[in-house]
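Here are a few exercises to work through with the model open beside you. Have a go at each task before reading its solution.

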Amino acid sequence: LIVTDNRIFINDFYDEVLVFDINGKFVSKIMRGQGPGELVRVGDTTFDDESGQLIVYDLPCFFKFYDINGRFVSEKKIPLHCHEFCACNDGYVFFQPIFLNDHLGDDARRALLICNKNMEVKLKGVSLCEDLLSHARPYILKYGNKVMVSQIANDTIFEVSSSSIMA
């Protein structure tokens with residue numbers, strides 16, 4: 001669930017994303033399908049305050065960009081798999097599964113990656129045990145200009161920005 005100043009987006013994590021106005025009136029549906037702008041399988045969603053666009057992580061490894069009414073704008077292939085992600089300032093925070101990104105080398109063993117909009121890794125952190133990462137999904141919460149990250153069975157909340165990760 002993403003709430004902006006004038007829209008509510010509901011991600012069902014498999015088939016579609018529903019768009020409502022701030023009063024709860026249905027606006028549109030971003031559907032699963034094979035056509036332009038349609039989704040293969042919804043992973044995660046975030047809202048980029050800077051561009052004013054909804055971003056859907058469409059498996060496998062695509063960002064699809066939509067305007068606030070759910071109209072398709074563009075898509076971009078991304079170089080990694082993630083459990084969850086969040087747009088922040090000038091880039092993205094990724095919480096990644098360590099067993100799907102071996103092509104990242106040493107960065108594949110880091111749970112958090114902070115990338116710029118060109119998908120260049122700018123900051124990495126939080127090495128967590130493989131067993132925990134393979135069975136527990138993270139929580140990412142965007143709160144104003146802050147991004148907070150935590151995980152099931154972990155007593156630490158991390159505040160993440162494009163330049164730091166603080167416990």
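What follows is a set of four exercises, each with a worked solution. We're working with a predicted model, in which local features need pLDDT of at least 70, side-chain atom pairs count only at pLDDT 80 or more, and totals for chains, interfaces and linings use all residues. Residues are numbered from 1 along each chain as its sequence is written, and side-chain values use heavy atoms, with hydrogens and water left out.

**Exercise 1. Lay out the open sheet that contains S7, and look at its hairpins.**

Step 1: get the terms straight. Strands are DSSP runs of E with at least two residues, numbered from the N terminus, and two of them pair if DSSP finds at least two bridges between them.

Step 2: find the order. The open sheet has 4 strands, running S5-S6-S7-S8 with antiparallel pairing. S5 (42–48) and S8 (72–77) sit at the edges, each pairing on one side only.

Step 3: zoom in on S6 and S7. Strand S6 (residues 53–58) pairs with strand S7 (residues 62–66) over 5 bridges. Leucine 54 has tyrosine 66 as its bridge partner, while tyrosine 57 has phenylalanine 63. Their hairpin has 3 residues between the strands, and cysteine 61 takes a positive phi near 65° there.

Step 4: move on to S7 and S8. This antiparallel pair also has 5 bridges. Here the hairpin has 5 residues between the strands, and glycine 70 in the turn shows a positive phi of about 85°.

**Exercise 2. Follow lysine 64 and its salt bridge to glutamate 75.**

Step 1: apply the cut-off. A salt bridge is a side-chain nitrogen of Lys or Arg within 4 Å of a carboxyl oxygen of Asp or Glu. For lysine 64 and glutamate 75, the closest N and O atoms are 3.8 Å apart.

Step 2: place the pair. Lysine 64 is in strand S7 and glutamate 75 in strand S8, so the salt bridge ties together parts that are 11 residues apart in sequence. Lysine 64 also stands opposite glutamate 75 in the strand pairing.

Step 3: check the cover. Buried means under 20% relative accessible area, exposed over 50%, and partly exposed in between (1.4 Å probe, protein chains only). Lysine 64 is buried at 6%, whereas glutamate 75 is partly exposed at 42%. As for S7, 4 of its 5 residues are buried.

Step 4: widen the view. Salt bridges with shared partners join Asp58, Lys64 and Glu75 into one network.

**Exercise 3. Find what aspartate 48 pairs with, and how far along the chain that partner lies.**

Step 1: the partner is lysine 117, with the closest N and O atoms 2.4 Å apart.

Step 2: aspartate 48 belongs to strand S5, but lysine 117 is in the loop between strand S11 (112–116) and strand S12 (121–125), 69 residues apart.

Step 3: aspartate 48 is buried at 5%, and lysine 117 is partly exposed at 23%.

Step 4: for the overall tally, the structure has 6 salt bridges. Another of them joins aspartate 67 to arginine 71, at 3.1 Å between the closest N and O atoms.

**Exercise 4. How many disulfides are there, and why is cysteine 88 not bonded to cysteine 86?**

Step 1: a disulfide is a pair of cysteine sulfur atoms within 2.5 Å. The structure holds 0 of them.

Step 2: the closest cysteine sulfur to that of cysteine 88 belongs to cysteine 86, 6.7 Å away, so it is too far for a bond.

Step 3: cysteine 88 is buried at 7% relative accessibility, and cysteine 61 is buried at 6%.
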